[in-house]
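Please read the points below alongside the model. They cover one sheet, the elements packed on it, and one chain interface.

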Amino acid sequence: MSTSKQEQESGIKNPNPKIVLFLCRWCSGKGADLAGTSRLNYPPNVLPIMVNCTSRIDPRFIVEAFLDGADGVLVTGCHFGDCHYKTGNYKAYRRLSLVAKLLKQVGVNPKRFRLTWISATEATKFVKVTTEMVEDLKKLPPYWSNENGGDSDE
Amino acid sequence: MDEKKKVGVFVCHCGRNIAQTVDIEKLMEKVREKYDVELVEDNMYMCSDPGQNLLKESIQAKNLNRVIVAACSRDMHEPTFRSAAQEAGLNPYLVEIANIREQVSWVHDDKEKATEKASKIIGSTIEKVIRDEPLEPLKIPVVQRALVIGGGIAGIQAALDIADAGYEVTLVEKSPTIGGHMAQLAETFPTLDCSQCILTPKMVAVSRHPKINLLTTSEVVSVDGYVGNFKVQIRKNPRYVDVDKCNLCDDCTAVCPVVVHDEYNQSLSPRKAIYIPFPQAVPASYVIDEETCLGIDPLICSKCKDVCLVEAINFDMQPEIIEEEFGAIIVATGYDTYPIENIGEYGYGAHPDIISGLDFERLLSANGPTQGVIRRPSDGKVPKTVVFVHCAGSRDPAKHLPYCSKICCMYSTKHALQYKHLVHDGTAINFYIDVRTAGKDYEEFYKRAAEEEKVIYVRGKVSEIIEDGDQLLVKGVDTLLGEAVEVHADLVVLATGLVPSKGTQEISHLLKLSCDSKGFLKEAHPKLKPVESALSGIFIAGTASGPKDIPETVSQASGAAAKAATILASEFLEREPQIAQVDPTTCGLCHTCINVCPYGAIYLDEGVRRITVREALCEGCGSCAAACPSGSIELKNSTSEGIRAQIKALLQG
């Protein structure tokens, strides 16, 4: 990945980070659609995959996404109390909080993994979160910039 | 299973909606190059007839066994393309949507990057579709009975409409009578119909309808299940008077020693602990107020029981739990008015002559505390000057309700007009921010009040109301003249707005219905699905979803009834077959899936010692699949292997 001089000066180490975005079908997926319907704009770096519920997300999906070349993973679901499947988001929160801890322990910068709640009406929050995450990850080198991956030398 | 996967990809231009940001030619080229697909086609509008025909013809001509439509959100046209594929002989669950409009063309500017992202999304969808299995929808029998919660005008209308369509209805009302707030109103705008006269025939119709099971003094305590098959528990609280025996002789109230506030008359008059809410109450029966009666105990006081010749009074009645199944539910739990106790600038409701709009309705009513003669609460004198304060606690985001309650301008105008009709030489002054009269014949009604009936309108807010001798001094501003105004009034009526009722708040938790920021129930879509909740089979009517006038409430009730009847009309409903399935060869019977399932849909079949999924209960969240330590339980057409392949395709495509 070559970075221009200008980008180096502004602290940009990865102009084009790849972020895997998990959407749930009932809240954040509809929120993402609403961002489209409202013609809001966000960077094309987020690559969406829709699951029925955040509780469908197996922790290994997150880990494997990094192994497959992601620079970051963003998981979005319903707010607490709003889950279409009653308690799926609580389960996701518990599981993925452990994943966040694990990733940190093995030397992955915590900015690379984010879990947040976005309702079907929160298109602006969706745009804010995705844009923020892309901006954050531009300032980190690509995940695979060293042969072992991760940010252990940071 | 091992047949070759022949994937057809159909790319939609959506006019210019997709094509202006995604280079369709380049996208099709990329898809052809990168992925193993049988055919890539495009169309200006895939959802149009020519687009659907292209899909159908291609499936047949090329023997496609998997289809991807790259177009808008799956919420828009997934059913369209699935049924088109089905017409061409393909199982509908072998069709997938790649969303390249809402999540690509409408949110990105850079054409090259957008095209790249669209290609990745299609690549990822290909990984999903080639793993999809043909599925058959599950058929679930429908319980052909509806539950209506709330017995105000919305619930009454909804129950009558469903019952008239030929289905059984249970109408549950918390208080001892149906009728709701509408039964408290004097006359209704803009026609000045007497509210009771138009409402009570409908109440009687409810009680006489053979298809309606009316449960008063009852509350819904739990709801389980799903559309077509809700399992509901209702608690019927005791009324201590046998409805069938009570002959309304009124002997009991004459001897009852307990005197309390009458809530029907907004506490402007007293009632006894045994009472009938109002003469036309339905069911027509007295009721004992458990909280104020001397103890529902014949040893302490049994005066009412002693005088009741028909022996209708029974102190031994117990709460009863009724369990019933319903196919559809209508929530019509109504509103409360914003408490004037919250409005400090207008005296916190402490002064007896500063009253709410609903209090004034009672003073105007022929069956009210003053028999329809307007007397002020403090000394019973007929007020010569009445000030009506619009937007009392409304449109005030800093201190009170931020929103407009829609009906207060009209009801204040009605109040002023009715006051002028009853007190000819009286002065009626309305302080308003704007007069909002959107509704059929509403503007004419306002003009009539202001121009023909000499009701005074002053544009400006009232800042303070203070006691001045036996009068009230209303301090405000006339923003048209730009000067301060002070008026002495004998009575002040605050036009308070509507807030979600306590029952609405409780039912939203019980049914897991989402609410908006004000606590009103949220519709599935504010414009196109105004009476549907986000939960299939649960509908909303009337002011539970926001302030409304009577005509709008009644039309919503009929709308919700029609929606409910659509469900009840079918014997079976089709349910998504994307549910969990267990691989018994690797399952270690660890019970993890049983513990995480929110629906109790997974159990250990003791006979064969296998974990088994109850198909009718599984909703397909996939929580079990994520939790299974051996990967033995999977969600159909959303397997772990499939999702991992999708992620890989997004990153490496």
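Which residues of chain A does UniProt list for "domain: F420-non-reducing hydrogenase iron-sulfur subunit D"?

1. The unreviewed UniProt entry lists residues 19-140 of chain A under that name; positions follow the numbering used here, feature names are shortened, and annotations may be inferred rather than shown by experiment. The end C-alpha atoms of this span lie 13 Å apart, and the span is 43% helix and 19% strand.

2. This is a predicted model: local features need pLDDT of at least 70, side-chain atom pairs count only at pLDDT 80 or more, and totals for chains, interfaces and linings use all residues. Residues are numbered from 1 along each chain as its sequence is written, chains are lettered from A and ligands numbered from 1 in the order in which they are written, and side-chain values use heavy atoms, with hydrogens and water left out.

3. Chain A holds an open sheet of four strands, ordered β2-β1-β3-β4, with parallel pairing. Strands (E, at least two residues) and helices (H or I, at least four) are DSSP runs numbered from the N terminus; two strands pair if DSSP finds at least two bridges between them. Because β2 (46-51) and β4 (113-117) of chain A each have a single partner strand, one side of each is left without a neighbour in the sheet. Neighbouring strands are turned by 20° against each other on average, direction ignored.

4. Five bridges join β3 (residues 72-77) of chain A to β4(A) in the parallel sense. V73(A) stands opposite F113(A) in β4(A). Helix α4 (residues 88-105) of chain A packs on the sheet, touching β3 and β4 of chain A, at about 160° to β4(A). Axes are lines fitted to C-alpha atoms, for helices over the stretch in contact, and angles run from 0 to 180 degrees between N-to-C directions. Contact means heavy atoms within 4.5 Å.

5. A helix of the other chain also meets this sheet: α17 (residues 640-652) of chain B lies across β1 (19-24) and β2 of chain A, at about 165° to β2(A).

6. The interface takes 44 residues from chain B and 47 residues from chain A. It buries about 3900 Å², with 53% from carbon and sulfur atoms; buried area is the accessible area (1.4 Å probe) lost on putting the two parts together, summed over both. Q103(B), W106(B) and L651(B) supply 16% of the area that chain B buries against chain A, more than any other three residues.

7. Four salt bridges (side-chain nitrogen of Lys or Arg within 4 Å of a carboxyl oxygen of Asp or Glu) cross the interface of chain B and chain A. One joins R644(B) and E64(A) at 2.8 Å, N to O.
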